[in-house]
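Trainee: I have a structure open in my viewer, and I would like to learn how to read it. Could we go through it together?

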Amino acid sequence: MGYRLTKEACDGVLQKLSLNHTLFAPKRFTGGGPFSGTDLIRYGKIASADEIVLDAKSAHSFKEALLPITETLFYFTEEQMKEPDPPAQGVLVFLRSCDLHAVRRLDEIYLRNGAEDYYYKRIREKTRFALIGCPTAFDTCFCVDMVANRSDNYDFSIEQDENANYLIDCRAADWAALFEAAASQTLAVEPSFVAATPTRVGIPALLDAGVAAAAMWDQYDGRCIKCGRCNFSCPTCTCYTMQDLFYTDNGKAGERRRVWASCMVDGFTDVAGGGCYRPKNGQRMRFKTLHKVFDYKQRFGYQMCVGCGRCDDVCPEYISFARIVNRLEEALREVKSDAAE
Amino acid sequence: MDINTKEVIKNAFRVTKARGLTASRIRVPGGHLKAEYLEIIHQIAREYGNGTVHLTARQGFEVPGIRFEDMPLVKELLQPVIAGMGINQTEPGQGYPAAGTRNITACIGNRVCPYACYDTTAFAQRLEKAVFPNNLHFKIALTGCPNDCTKVRMHDFGIIGMTLPQFEPERCVTCRACIHNCRKKSVGALSEINYRPARNEEKCIGCGECIVSCPMAAWTRSREKYYRLTLFGRTGRRNPRLGVDFIKWIDEDSIIKIILNTYDYVEKYIDLNAPGGKEHIGYIVDRTGFAEYQKWALRDVRLPAIAEVTQPVYWGGLKY
Ligand code: SF4
Ligand code: SF4
Ligand code: SF4
Ligand code: SF4
Ligand code: SF4
């Protein structure tokens, strides 16, 4: 059912929802950018509707709600272990369509790819989603080409009308009454979805692993600084690494935690004996790219990348992932013609 | 021709090699100006000068080849440039009221540079408002960060931008970019303890390299802006030397107060027989001793709790 709410009414609903949920939304951190006098838009807890940034894309995705950046798995002493208690509250995540599609990728890896991940599951079960409508695409978005521009699996959608009132399409049966009571008007609401994006991406239909031999990857040996921003900002990257640590003032107690990892950053493919499978940045770029648009699909039947464009937004070296994907066609031809010689 | 050279110099015109010709010196606090003023400077050079303009070592302009008789016309043309840059004047249309306190220089700062810790031009303009006009020979320079592109240690007051890195451990993914960059591009103030960077507060120079290099925004800038203040660098004939650290983690208001206090100190102690009434502050401090200077400088200054005052202050430098 659709509703129109004033800002105050919307805040009232959010306040009620926050009794059982942490509200997690893209939010402006004033002065939080890396450069002096710049803000950062990333996810954080919000209390009122106007804290939700609706007119810009967040640099990092929602994924830290489901997959904490660092997560303690257990604490240990010499004799005992203790798991941290699960979060008492559920989370209500405000996110755009591409990101809602990314949730399926996270679920795929953590719930359906072999054994269920216990820690992920206990957060995921208590997570609900509010869709932020997209009246227009941002410059780097290519969700349409990745078929991630439309969603209907949200609890409610939210966007503003031209008078800064909030338009809600509530699909969650248990929350309808809440909105109903606060609404100034009941009407049919369909969240905005983009139908075209300025950035276009085409993945070759007959892409195969042979493209790994193309010369294009070498260019990134020099251009990429292996900072990992493209991975850390990506809503579909799911890798983590483990850290066992002993508290500095009591070397006999400590904790095991898992921490996000990036296939672009040093250490990711290091193995015992000092080996490293992908020492060059170009090799890492090739691995990341083919994971996003080739081998994930081979395994799960649909593309991993949802076209949010964040990797392009955050790369300090102006490396465009969209452009890399668009070069694959030619790289494929190059590899095929080399093979024919 | 009858020219009061003292008045002319005070009015920011030069007595030049060529008899009868002067040069007009134009202040640009913070070294950043609206492009429209270039058109006026162009006009002055074309109509009254010899068609050339010199970019001065202190980021101003000097228009040479002007006839002394034309000074009033030049001053009239200059008026919108002077007013537009917010320079304190005693009488509009009469040019610059002083020249002793030099143009305040600055690097490009946070309007452009990713390393900068503050808006260097805005602070330069604020200082200009506070100290100008003044006939005393003061040189003030600002730089956005410890890279010191302005080379502020060659000035009486060197102002170096700093930020106090704030750390959010939960956001750290142990990529080690901050540790690596602090070691390779800065002072090596970060070490790793239990997979996370630990900042050596004594060593850290507040350059912000860790913040710029962190992909997770685990490091962010402090809300407060901090500075390092260096004193009495000087070039020139006798005993050139680099400015030395006076206060680390000082704030903007305290810097302004210290500089204003220094004017009072110089008024009190300057050598009245100095040629042209001009004596480098450094020489005065050499005479009174630093302790006396510090007493004057810190009068009514309320430093932030984190500020570190160097004790004692020593100079080196070349002696001829
Ligand atoms: S963000 Fe850019 S520079 Fe950093 S690892 Fe990714 S592609 Fe390389
Ligand atoms: S690869 Fe880039 S565009 Fe694709 S989902 Fe990740 S961040 Fe978004
Ligand atoms: S001193 Fe720092 S802020 Fe200024 S230009 Fe140099 S690097 Fe940039
Ligand atoms: S501010 Fe500069 S010196 Fe201090 S820890 Fe960061 S990189 Fe190192
Ligand atoms: S750069 Fe940031 S994420 Fe990487 S180790 Fe340093 S604080 Fe942690």
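Mentor: We will take this one feature at a time. Keep in mind that this is a predicted model.

Trainee: Let's begin with the overall layout. Into which domains is chain A divided?

Mentor: Domain 1 of chain A takes in 2-69 + 85-186, and domain 2 takes in 209-239 + 260-340. The centres of these two domains, taken over C-alpha atoms, are separated by 28 Å.

Trainee: How many residues of domain 1 of chain A are in contact with domain 2 of chain A?

Mentor: On the domain 1 side there are 24 residues, in contact with 20 residues of domain 2 of chain A. The touching side of domain 1 has 14 nonpolar, four polar and six charged residues.

Trainee: And how many residues do chain A and chain B each give to their contact?

Mentor: Chain A gives 20 residues and chain B gives 24 residues. To find the chain A side in your viewer, look for strand E3 (40-45), helix H6 (229-232), strand E11 (240-247) and strand E12 (250-260), the elements that give two or more residues to it. By class, that side of chain A has 10 nonpolar, eight polar and two charged residues.

Trainee: Now a helix. How many residues does helix H7 of chain A have, and what distance does it reach?

Mentor: Helix H7 of chain A (residues 281-300) has 20 residues and reaches 27 Å from its first C-alpha to its last, close to the 28 Å expected at 1.5 Å a residue. Look along H7(A) as well: a kink of about 60 degrees is centred on A:His291.

Trainee: Which residues of H7(A) are buried, and what covers them?

Mentor: Among the buried residues of H7(A) are A:Met285, A:Val293 and A:Phe294, and also A:Arg284, A:Arg286 and A:Lys288. Their cover includes helix H5 (219-223) and helix H9 (321-340) of chain A. Following H7(A) comes A:Gly301, with a positive phi near 90 degrees.

Trainee: What about positive phi in a residue other than glycine? Where is A:Val147 placed, and is A:Val147 buried or exposed?

Mentor: A:Val147 has a phi near 55 degrees, and its place is in the loop between strand E7 (127-132) and strand E8 (156-160) of chain A. To judge burial, count neighbours: A:Val147 has 12 other C-beta atoms within 10 Å, so it is exposed, as 12 or fewer is the cut-off for that class. In chain B, B:Ala217 also has a phi near 55 degrees, in the loop between helix H6 (209-213) and strand E11 (219-220). B:Ala217 has 18 other C-beta atoms within 10 Å and is therefore partly exposed.

Trainee: Next, peptide bonds. Where is B:Pro133 placed, and what is the bond from B:Phe132 to B:Pro133 like?

Mentor: The omega angle tells you: from B:Phe132 to B:Pro133 it is near 0 degrees, and the bond is cis. B:Pro133 lies in the loop between helix H4 (120-131) and strand E6 (140-143) of chain B. Another cis bond runs from B:Gln311 to B:Pro312, with omega near -15 degrees.

Trainee: Last, the ligands. Which residues surround ligand 1?

Mentor: List the surrounding residues, then sort them by class. Around ligand 1 you will find, among them, A:Cys224, A:Cys227, A:Cys230 and A:Cys315. That shell has eight nonpolar, one polar and three charged residues. The residues around ligand 3 include B:Cys107, B:Cys113, B:Cys145 and B:Cys149, in a shell of seven nonpolar, four polar and one charged.

Technical notes:
Residues numbered from 1 in each chain as written. Chains lettered and ligands numbered in written order. Predicted model: local features only at pLDDT ≥ 70, side-chain atom pairs only at ≥ 80, totals over all residues. Near = placed C-beta within 6 Å. Nonpolar A, V, L, I, M, F, W, Y, C, P; charged D, E, K, R; others polar. Domains from an automatic or database assignment. Contact = placed C-beta atoms within 7 Å. Helix = DSSP H or I, 4+ residues; strand = E, 2+ residues; numbered from the N terminus. Expected span 1.5 Å × (residues − 1). Bend = angle between axes of the 7 residues up to and from the residue. Buried ≥ 20, exposed ≤ 12 C-beta atoms within 10 Å, placed from the backbone.
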